[in-house]
Amino acid sequence: MKEIIQDAEDRMKKSVDAVTEDLGSIRTGRASAALFDRIKVEYYGAPTPLNQLATISVPEARLVVIQPWDKSAMGEIEKAIQRSELSLNPNNDGKVIRINIPPLTEERRKEYVKLAKDKAEQGRVSIRNVRRDAMDTLKSFEKDGEISEDDLKRAEDEVQKLADKYVAKVNELLEEKEQEILEI
């Protein structure tokens with residue numbers, strides 16, 4: 001029974017981690033290295049994550065500097081950024097790529113808040129699915145006589161508390177992201 005609860009908690013943590021990663025990739029008005037986590041660059045014929053080809057730094061609130069370790073990859077890095085859904089224009093000076101992060105328009109802010117809410121809802125659904133799976137497994141154990149009705153009730157309460165805790169965490173992450181997006 002403890003294994004079921006532990007497994008459910010591990011899976012709920014993974015759901016929260018996925019939401020954290022998804023929200024990190026949503027653009028805000030400020031510069032962030034996390035914006036570029038999902039960008040893949042065509043490097044010697046293989047799609048390679050940008051952060052494995054270059055150092056990404058944020059020297060100012062609205063500036064990202066990308067310094068490739070292999071200067072021959074500059075053009076491909078630039079193309080990958082232009083093709084991304086970030087809508088950013090990189091400036092290549094031959095040594096580094098500078099990207100100015102323009103302030104978001106009100107319309108784009110609303111779009112990004114909506115996207116963040118969708119990502120958070122996906123996380124909440126995932127957590128509820130884990131809860132449902134754990135509850136079903138516990139009920140089958142009780143039906144097979146492996147655990148008593150009292151143990152079932154206690155375990156279900158514990159699983160419900162875990163689900164509530166992780167849903168609250170997702171809501172907290174969403175709230176932080178919304179404030180970040182709406183910040184001018």
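Y43 is partly exposed, with a relative accessible area of 22%, whereas its partner in sequence numbering, Y44, is exposed at 69%; here buried means under 20% relative accessible area, exposed means over 50%, and partly exposed lies in between, as computed with a 1.4 Å probe on protein chains only. The model is predicted, so that local features need pLDDT of at least 70 and side-chain atom pairs count only at pLDDT 80 or more, while totals for chains, interfaces and linings use all residues. Residues are numbered from 1 along each chain as its sequence is written, and side-chain values use heavy atoms, with hydrogens and water left out.The structure holds one aromatic pair, and this pair is formed by Y43 and Y44, whose rings lie 4.7 Å apart from centre to centre with 75° between their planes, an edge-to-face arrangement. Rings of Phe, Tyr and Trp (for Trp, its six-membered ring) are taken to pair if their centres lie within 6.5 Å, and planes under 30 degrees apart count as stacked, over 60 as edge-to-face and the rest as tilted. Y44 is located in the loop between strand 1 (40-43) and strand 2 (46-49), and Y44 has a positive phi of about 50° although it is not a glycine. Helices (H or I, at least four residues) and strands (E, at least two) are DSSP runs, numbered from the N terminus.

Two packed helices are described by the angle between their axes and the distance between the axes. For helix 1 and helix 3 (residues 106-143), the packing angle is about 170° and the axes are 9 Å apart, where the axes are lines fitted to C-alpha atoms over the stretch in contact and angles run from 0 to 180 degrees between N-to-C directions. Helix 1 and helix 3 are therefore roughly antiparallel to each other, given that angles under 35 degrees count as roughly parallel, over 145 as roughly antiparallel, 65 to 115 as roughly perpendicular and the rest as oblique. The residues of this contact divide into 13 nonpolar, four polar and five charged; Ala, Val, Leu, Ile, Met, Phe, Trp, Tyr, Cys and Pro count as nonpolar, Asp, Glu, Lys and Arg as charged, and the others, Gly among them, as polar. I4, placed in helix 1, is buried, with a relative accessible area of 13%, and the C-alpha atoms of I4 and N91 are 52 Å apart in space, with their positions 87 residues apart in sequence.

The largest pocket has a volume of about 150 Å³. A pocket is an open set of points on a 1 Å grid over the protein atoms alone, where a 1.4 Å probe fits, with protein on both sides within 12 Å along at least five of seven lines, and lining residues have an atom within 4 Å of a point. Among the residues that line the largest pocket are T20, L23, L173 and E176, and helix 4 (149-182) gives the most to this lining, with four residues. By class, the lining has four nonpolar, four polar and three charged residues.

T105, in the loop between strand 6 (97-100) and helix 3, is partly exposed at 47%, and its C-alpha atom is 9.2 Å from that of G29.

Conventions
Grid points are joined across faces, edges and corners, and a volume is the space filled by probe spheres set on the points.
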